[in-house]
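Subject: A structure for you to look at

Hi there,

Here is the structure I promised to pass on. Have a look at it first, and then read on for what turned up.

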Amino acid sequence: MNSRILACAALLAASLISAVQAAIPLTSAYSTDPQSDYVQDSTSDSISSLNMILCILGSMRAGSMVNAGPYIALVDMNKCDSKAASSGAAGATNYATAVLDVTRATNSDPMIGKVWLSMTDQGNALNVFLHLSATQSPSAAEPYGLFRLDYLGDKNGATAFNGFIDSQASSISQYETGNNSSNTAMALSATSTSAGAGTITSIGAAAFNFAYNANYFRRSDGTNDQCFDRSKANAQRSVWQYGTYDGNDGSRVDMANPGFPIVGSYAGTSYYGFANYWGINFQGLDLNTIADARPIAGLTITDQRPTNTTSYSLSKVGGKLTQWTQQSTTLDSLNNIPFSSGADLTGRTNLSSVSGYQNWQLQWNSATQTFSVIGTQQCGSNGCVTTPISPVAIVNANAFDNEPISGWADSYGGNVNIPPTGAPHTAADPVYYYVQSTVIPGSASLALFCLSQCPTAASLAAFQTGTAQSSPFGNGTDQQWFSAASANTVSYSFDAGGLEDSSGGTAVPLVLEQPGQYPSGSTYAQNGINTGRLFDAPLTYTNCPSMTPAGTVCEPANPSSYYTWATGSQQWQQSLWLTSGSTVVAFDAPQNISYTVPNDPAYGSYAGVPILLQFNGFGNLSGIPGDCVDPVNNASVACNTPNARYVPLFSIPDGATMTLPNPSTPLIVKSLNAEIRLKNLGASASTACASMTLATVPPPTGGTHDPSNSSDAFYIGVKPTVTASPKVIDGVIQP
């Protein structure tokens with residue numbers, strides 16, 4: 001969590017509990033759940049691994065479990081990993097298992113915390129050992145408390161990282177080294193509770209000198225000398241996590257069938273994990289090393305929710321079939337909401353420069369009854385980058401009279417389709433979008449048909465021996481869209497083995513779930529292999545627009561449903577399901593929630609605009625459109641600017657209300673975790689910061705301990721055996 005270490009670095013952040021509606025009880029979760037606002041700054045990049053360590057420690061609630069005996073805590077690593085937010089893991093969980101023993105002999109003795117943390121990092125077992133000694137809690141005189149934290153990460157017998165953070169009366173120091181570390185060092189010298197200076201160094205990142213007083217913060221990497229206003233009222237704020245609560249009583253609202261903690265027993269060893277809609281994972285047990293089976297023999301799963309001891313079987317197929325079912329709205333509800341669409345716009349706008357086939361960024365305007373082209377979008381292994389077009393191009397009124405507009409709108413959770421009407425579009429014209437559900441292998445027997453990005457048994461076999469540029473798709477389908485020669489299509493069956501290709505006479509499951517099956521450097525190794533749209537009816541010429549050449553088949557322009565298949569090494573790319581007896585355990589898919597942005601100038605072009613948010617459970621509400629900022633000066637920049645950071649364009653205000661559709665539940669929302677970006681007052685230190693001198697504060701060059709070594713002064717001993725259910729899950733103490 002960037003807040004904790006960045007606060008240590010520059011005294012920049014403080015939590016703020018917002019006012020809540022009087023109708024909500026003051027004892028409710030809405031009123032009592034803590035809110036964390038932290039300062040995000042360029043200096044954070046140099047200390048990202050330590051941020052993660054402190055986030056993990058904070059999620060274990062050690063301070064609330066003093067002298068409670070050894071206990072288990074589950075920590076969702078995706079919430080402590082800054083890179084996970086931009087990956088395909090959105091909504092997925094990756095729980096690490098920790099055993100903690102926190103003691104304090106007397107009130108005059110230090111609190112001692114011993115932590116044994118087990119996790120999986122890129123398929124490798126990673127064990128982290130932590131020793132914490134705290135002698136004073138945070139106070140007005142000591143805003144960060146007095147403590148020392150030593151830690152070591154062991155990956156396959158080698159030191160991945162080894163470091164410490166030491167907070168004393170007038171100084172804070174941090175040091176980390178190791179094969180998987182950026183080798184960071186930091187020193188801060190505080191002249192008072194609101195003023196001080198320091199230095200951060202890191203291999204592969206800029207070295208910073210910084211200084212601060214009660215009103216301003218100054219930092220320089222030797223090239224960019226920047227001055228910032230420390231006032232929260234003048235800062236930018238981006239919320240990364242929201243809490244959803246019942247609008248009547250303030251209790252937490254989760255999915256009707258949410259995920260839950262589990263423990264698996266396999267080959268005589270127990271592994272803690274978590275199961276939800278996005279998959280099932282265990283720390284220390286790599287399911288990719290176990291062959292697909294229904295169910296997996298020798299693996300017993302036990303529910304870890306309080307008072308629940310249900311046993312389950314786990315089944316696994318190395319790919320996932322998702323069904324997308326159509327929903328409808330109107331163009332008016334899409335008013336001013338950007339969406340991307342691949343099309344050839346040559347001669348279709350008022351600007352000759354807007355031409356050719358591109359992935360265009362479009363926007364509908366109900367007032368003028370027109371589409372405009374506001375940018376282009378390029379997508380790669382690091383996500384999608386939008387480049388604005390200036391001036392904006394206006395699409396000719398009749399450009400799409402006889403052609404569908406298919407695209408992607410984040411605010412509608414994915415694909416959108418605007419069918420042609422034979423006339424210029426109006427605000428009342430229909431718009432279709434889709435909601436998803438997972439199809440369990442064996443729950444249905446389907447014949448499916450594909451013409452875009454369609455893997456075959458032969459193409460996957462060739463792909464495994466190819467190069468980083470090789471395509472996994474066969475039959476010429478990797479670069480064709482919506483229409484194709486009938487010979488360039490692929491047919492599949494879907495049954496208990498997943499998606500299968502029988503073109504060679506034998507049904508071959510189309511799965512690549514082992515990292516070693518992907519060519520070195522292939523982008524598919526991280527992102528997995530995802531098909532285009534699959535249909536449960538044959539593709540025909542009758543689906544095509546008029547004037548289409550004979551021998552062509554087309555995808556239906558506005559299907560009521562379609563399917564996609566994904567396969568890869570990540571849990572969300574596979575079918576993993578629990579059964580109790582013959583009953584499959586249900587987990588709810590994400591739900592769309594309608595929300596109207598406040599009609600206030602602060603929300604820019606989205607003021608008063610209705611959008612759709614995606615609800616993945618408590619603490620997981622997404623769908624806010626994004627923007628990019630320059631980490632050097634926090635200014636808004638185009639997302640193709642080097643080193644630009646993606647952030648939500650705006651935040652939902654605390655106390656906002658909306659309705660969860662199923663079951664219908666009134667919601668009240670507040671932020672749980674948000675970043676603050678300080679207002680930049682200009683380069684060259686500005687007049688406001690001129691009185692603060694930047695000078696190197698020598699960072700530590702060593703002094704680490706190994707808490708796993710019995711000869712070390714901070715040895716934490718042998719990990720206790722704990723058989724009870726987890727006492728803490730994601731920072732929440734269990735009943």
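One term before we start: a polar contact is a pair of N or O atoms within 3.5 Å, where, within protein, one atom must be able to donate a hydrogen and the other to accept it, and residues adjacent in sequence count only if both atoms are side-chain atoms. The backbone oxygen of leucine 451 makes such a pair, lying 2.7 Å from a polar atom of the side chain of glutamine 480.

Please keep in mind that this is a predicted model, in which local features need pLDDT of at least 70 and side-chain atom pairs count only at pLDDT 80 or more, while totals for chains, interfaces and linings use all residues. Residues are numbered from 1 along each chain as its sequence is written, and side-chain values use heavy atoms, with hydrogens and water left out.

**Glutamine 480**

Glutamine 480 sits in the loop between helix 5 (457-464) and strand 29 (483-485); helices (H or I, at least four residues) and strands (E, at least two) are DSSP runs, numbered from the N terminus. Is glutamine 480 buried or exposed? With a relative accessible area of 12%, glutamine 480 is buried (buried means under 20% relative accessible area, exposed over 50%, partly exposed in between, with a 1.4 Å probe and protein chains only). Not counting residues up to four places away in sequence, glutamine 480 touches Leu451, Ser452 and Asn488, where contact means heavy atoms within 4.5 Å.

**Nonpolar cores**

A nonpolar core is a set of buried Ala, Val, Leu, Ile, Met, Phe, Trp, Tyr and Cys residues joined through side-chain atoms within 4.5 Å. The largest one here has 49 residues, and Phe339, Val373, Ile611, Leu621, Ile652 and Met658 have the most contacts inside it. Strand 39 (residues 610-615) gives the most to this core, with 4 residues. Apart from it lies another core, of 45 residues, including Ile56, Val75, Cys80 and Leu149. Back in the largest core, methionine 658 has among its contacts Ile593, Tyr595, Leu613 and Val669.

**Sheets**

Two strands pair if DSSP finds at least two bridges between them. Strand 39 belongs to an open sheet of 3 strands, in the order 38-39-40, with antiparallel pairing. Its edge strands, each pairing on one side only, are strand 38 (591-596) and strand 40 (621-622). Strands 38 and 39 are joined by 6 bridges, and asparagine 592 stands opposite glutamine 614 in strand 39.

Another open sheet has 7 strands in the order 17-16-15-18-19-36-37, again with antiparallel pairing. Strand 17 (279-282) and strand 37 (583-584) are the edge strands there.

**Rings**

Rings of Phe, Tyr and Trp (its six-membered ring) pair if their centres lie within 6.5 Å; planes under 30 degrees apart count as stacked, over 60 as edge-to-face and the rest as tilted. How many aromatic pairs are there by this rule? The count comes to 20. In one of them, tyrosine 434 and tyrosine 562 meet edge-to-face, 4.9 Å centre to centre and with 70 degrees between the planes. Tyrosine 434 lies in strand 27 (residues 430-439) and tyrosine 562 in strand 35 (residues 561-567), so the pair ties together parts that are 128 residues apart in sequence. Both tyrosine 434 and tyrosine 562 are buried, and ring pairs link them with Trp324 and Phe535 into a cluster.

Enjoy exploring!

Best wishes
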